[in-house]
Amino acid sequence: DVQKPHFTGELDLQNISAQAFLSHSKNLNKLASLAGYLTGRVSTKIGIDSDLDDSLGLDMDTFNSTGSVEVADAELKNHPVQNQVASLLGSNDLKVISLKQWQQPFKVEKGQLNADNVKLKVGQTELQFSGSQKLGGALDLAGSVKLPASTSKKVQEFFPVPARKLFFPSP
């Protein structure tokens, strides 16, 4: 339909530079916000289904995709959120996150990235979360973090004593 062009296709990228991929993927970077912070190699195989806008770019309000992304020999460093969390927790482990290999399936529906059961281990810290992020930036995540004992003690200091007993029961 010339009045409402549509695109359906598949993308299979293997072992490309994460920096180059993210710097040329403005719409993807709006969802992940990792350009300039992630280095390493990326492989992905995705299906794409979307209307096209007036410049024949993907219309993110109708953008749908399923696939998986694999990151190898990667480092995430100096991301603003990462720096804030590392400072708050006093955890040098979180200032540079190294990933030898990580694979994650994903789904995008109408411009909203959905991820289930994302698991990452950074040093002695384990993160697990599920949720979504809309193109406009709205973030809806739920998860858990398992901290090393020394970091956990620092986090407990932010809570008043009665709350500590509630959130951090003694073994």
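In this predicted model, E75 and K77 form a salt bridge, with 3.6 Å between the closest N and O atoms. Both partners have some access to solvent: E75 counts as partly exposed at 28% relative accessibility, and K77 is partly exposed with a relative accessible area of 35%. The search of the whole structure finds 4 salt bridges. Another of them joins E109 to K107, the closest N and O atoms being 3.9 Å apart. Here too the two residues are partly exposed, E109 with a relative accessible area of 41% and K107 at 39% relative accessibility. Side chains of opposite charge can pair when their charged atoms come close.

D73 and K100 form a salt bridge as well, with the closest N and O atoms 3.0 Å apart. This pair links distant parts of the chain, since D73 lies in strand β3 and K100 in strand β4, 27 residues apart. K100 is exposed, with a relative accessible area of 65%.

The two strands bridged by D73 and K100 are also paired through their backbones. Strand β3 (residues 64-77) and strand β4 (residues 96-109) run antiparallel and are joined by 12 bridges. One position in this pairing is S65, whose bridge partner in β4 is V108. Strands of a sheet pair through backbone hydrogen bonds, either parallel or antiparallel.

These strands belong to an open sheet of 7 strands, ordered β1-β2-β3-β4-β5-β6-β7 with antiparallel pairing. Because β1 (6-17) and β7 (139-146) each have a single partner strand, they stand at the edges, and one side of each is left without a neighbour in the sheet. From one strand to the next the twist averages 10°.

At the β7 edge, strand β6 (residues 125-134) pairs with β7 in the antiparallel sense over 8 bridges. Within that pairing, F129 stands opposite G143 in β7. Of the 8 residues of β7, the number buried is 0, so this strand lies largely in the open.

The sheet is part of a chain with 5 helices and 7 strands. Read from the N terminus, the elements run β-α-α-β-β-α-β-β-β-β-α-α. Helix α3 thus falls between β3 and β4 in the order of elements, because helices and strands are each numbered from the N terminus.

Helix α3 (residues 80-89) has Q82, A86 and L89 buried. Seen down the axis of α3, the buried residues fall within an arc of 75°, so they line one face of the helix. An α-helix has 3.6 residues a turn, so residues three or four places apart point the same way. On the other side of α3, V81, Q84, S87 and L88 are exposed. The cover over the buried residues of α3 includes β3, β4 and α4. After α3 comes G90, which has a positive phi, near 60°.

Helix α4 (residues 149-156) contains T151. This threonine counts as buried because its relative accessibility is 6%, and buried means under 20%. Leaving out residues up to four places away in sequence, T151 touches L89 and S91. L89 is itself one of the buried residues of α3.

What lies in the nonpolar interior? The largest nonpolar core has 15 residues, and L38, A74, L94 and I97 have the most contacts inside it. Several elements contribute to this core: α1 (18-23), β2 (38-51), β3, α3 and β4 each supply at least two residues. A74, apart from its neighbours within four places in sequence, is in contact with L38, T39, G40, I97, S98 and L99. A second, separate core of 6 residues includes I46, M60, F63 and V108. V108 is the residue already met as the bridge partner of S65.

For the chain as a whole, 29% of the 171 residues count as buried. Among contacts between residues at least 6 apart in sequence, 51% join residues at least 24 apart. The C-alpha trace spans about 65 × 30 × 25 Å along its principal axes.

Definitions and conventions:
Residues numbered from 1 in each chain as written. Predicted model: local features only at pLDDT ≥ 70, side-chain atom pairs only at ≥ 80, totals over all residues. Heavy atoms only, no water. Pairing = 2+ DSSP bridges. Helix = DSSP H or I, 4+ residues; strand = E, 2+ residues; numbered from the N terminus. Axes fitted to C-alpha atoms, helices over the stretch in contact; angles between N-to-C directions. Buried < 20%, exposed > 50% of the residue type's maximum accessible area, 1.4 Å probe, protein only. Contact = heavy atoms within 4.5 Å. Arc of directions from axis to C-beta. Salt bridge = Lys/Arg side-chain N within 4 Å of Asp/Glu carboxyl O. Core = buried A, V, L, I, M, F, W, Y, C linked by side-chain atoms within 4.5 Å.
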